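User: I would like to go through the reasoning behind some labels used for this model. Please set each value against its cut-off.

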Amino acid sequence: MTSLLDWASHGLWHLSAWQIVLFTLVVTHITMISVTIFLHRHQAHRALDLHPIASHFFRFWLWLTTGQVTKEWAAIHRKHHAKCEQPEDPHSPHVYGIKTVLLQGYELYRKEALNTETLARYGHGTPNDWLERKLYSRFSTAGVVLMLLIDLALFGAAGLAVWAVQMMWTPVMAAGIINGAAHYWGYRNFEAPDASTNISPWGVLIAGEELHNNHHTYPTSAKLSVKRYEFDIGWMYISLLQRLKLATVKKTPPRLALGAVRAVADEQTLEALIQNRFELMAGYAKGMRRAFNDEVAALKARQADVSMLRAARHWLHRDAEKIPAEVAGQLAAARAASPVLDKMVVMREELRQMWLNRSHTREQLAADLQGWCQRAEASGIAALQEFSLRLRSVRAPASL
């Protein structure tokens with residue numbers, strides 16, 4: 001009886017409370033790293049290849065700590081990208097509401113996992129070996145039961161709390177926060193064709209997945225950080241696996257390469273624009289912000305009302321279809337009050353059509369781009385002139 005009470009109180013390891021907390025943080029961190037490297041970057045997006053040793057470790061660990069079936073996760077995530085923010089998106093907060101995704105994200109995932117059409121269409125290329133068929137997929141709940149027994153053996157009654165945290169960690173962090181908050185709150189480096197945001201520039205707690213706008217901009221990249229001040233801990237582990245010959249990175253975000261300014265914009269400039277469009281349009285947005293600040297300063301100098309301009313500040317650089325109806329009037333009024341900002345908005349849309357236009361030939365598009373640069377440099381607007389010169393110096397992208 002004494003032995004049983006001692007085990008219930010301390011388990012086999014006899015750890016202190018803070019040591020148990022530390023253990024829990026370590027194992028949940030390993031789980032998040034397994035999700036981001038194996039399920040997300042390797043399986044869903046094929047951004048890197050993994051050595052069988054690394055691959056099997058991640059599969060076993062996810063089976064043990066989440067009961068996750070690889071095909072289900074990859075299929076649902078691929079469908080999310082294919083149908084992002086549309087009614088078919090399995091977990092968009094703009095479809096289901098932010099509260100639903102934050103609090104019931106895992107339920108939305110389980111519902112979609114039962115959709116055989118989703119698995120058939122988007123689940124291709126996932127593991128289908130003997131272990132997957134006979135153990136990981138067939139007995140997906142056996143791993144988490146085994147994990148419960150291990151936690152109870154190691155920590156006694158406290159092991160139940162450790163196991164509960166392990167079981168909640170991925171549903172809360174991935175199914176809730178990433179699928180919800182990362183499409184609702186945060187900052188955007190790029191005007192990706194959805195509502196994705198970066199929750200934080202430092203991706204540690206959720207293993208780099210916090211940089212969600214970067215990911216939706218470059219979904220096949222193994223590296224999620226783009227700016228110098230951003231940190232992706234998942235990429236740190238991938239780099240370590242590369243050094244150990246356990247991983248091979250296939251793709252990273254393109255790096256803007258600059259050369260001498262071409263005399264005129266030509267087909268090579270057009271190609272460079274299309275391939276670097278997200279980075280270039282982010283630069284254009286910076287120019288718009290500088291022009292906005294100049295316009296505000298000029299209006300203040302004339303003691304004019306700047307409230308109308310400020311109300312539209314966050315929407316001037318957004319694609320027209322992403323602007324909420326309730327702010328469209330404010331944006332129109334701001335553009336009417338500032339010919340400079342209106343010109344930049346108009347020319348931004350003209351530039352965007354260079355890669356959206358499907359009816360013009362490459363020669364026509366190159367001629368359109370050449371005309372665009374000429375008008376930008378003759379506009380008298382410093383931000384447009386600087387951008388045009390930069391655009392004419394862009395070369396084919398390299399990898400980071």
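User: What makes Arg318 and Glu191 a salt bridge?

Analyst: The model is predicted. In it, the closest N and O atoms of Arg318 and Glu191 are 2.7 Å apart. The cut-off is 4 Å, so the pair counts as a salt bridge. Arg318 lies in the loop between α15 (307-311) and α16, and Glu191 in the loop between α10 (158-180) and β2 (202-203), so parts 127 residues apart in sequence are tied together. Both Arg318 and Glu191 are buried.

User: Which residues are joined into one network by salt bridges that share partners?

Analyst: They are Asp319, Glu321, Arg348, Glu349 and Arg352.

User: Why is Glu132 called buried?

Analyst: Its relative accessibility is 4%, and buried means under 20%, so Glu132 qualifies. Arg59, at 6%, is buried by that cut-off too. Glu132 and Arg59 form a salt bridge, with their closest N and O atoms 3.0 Å apart. Glu132 belongs to helix α8 (residues 130-136) and Arg59 to helix α3 (residues 52-65), 73 residues apart.

User: Why does Lys250 count as partly exposed?

Analyst: Lys250 has 49% relative accessibility. Exposed requires over 50% and buried under 20%, so Lys250 falls in between. Asp49, its salt-bridge partner, has 37% and is also partly exposed.

User: How do you know that Lys250 and Asp49 tie together distant parts of the sequence?

Analyst: Lys250 is in the loop between β4 (247-249) and β5 (254-258), while Asp49 is in strand β1 (residues 48-50); the parts are 201 residues apart in sequence.

Methods. Residues are numbered from 1 along each chain as its sequence is written. This is a predicted model: local features need pLDDT of at least 70, side-chain atom pairs count only at pLDDT 80 or more; totals for chains, interfaces and linings use all residues. Side-chain values use heavy atoms; hydrogens and water are left out. A salt bridge is a side-chain nitrogen of Lys or Arg within 4 Å of a carboxyl oxygen of Asp or Glu. Helices (H or I, at least four residues) and strands (E, at least two) are DSSP runs, numbered from the N terminus. Buried means under 20% relative accessible area, exposed over 50%, partly exposed in between (1.4 Å probe, protein chains only).
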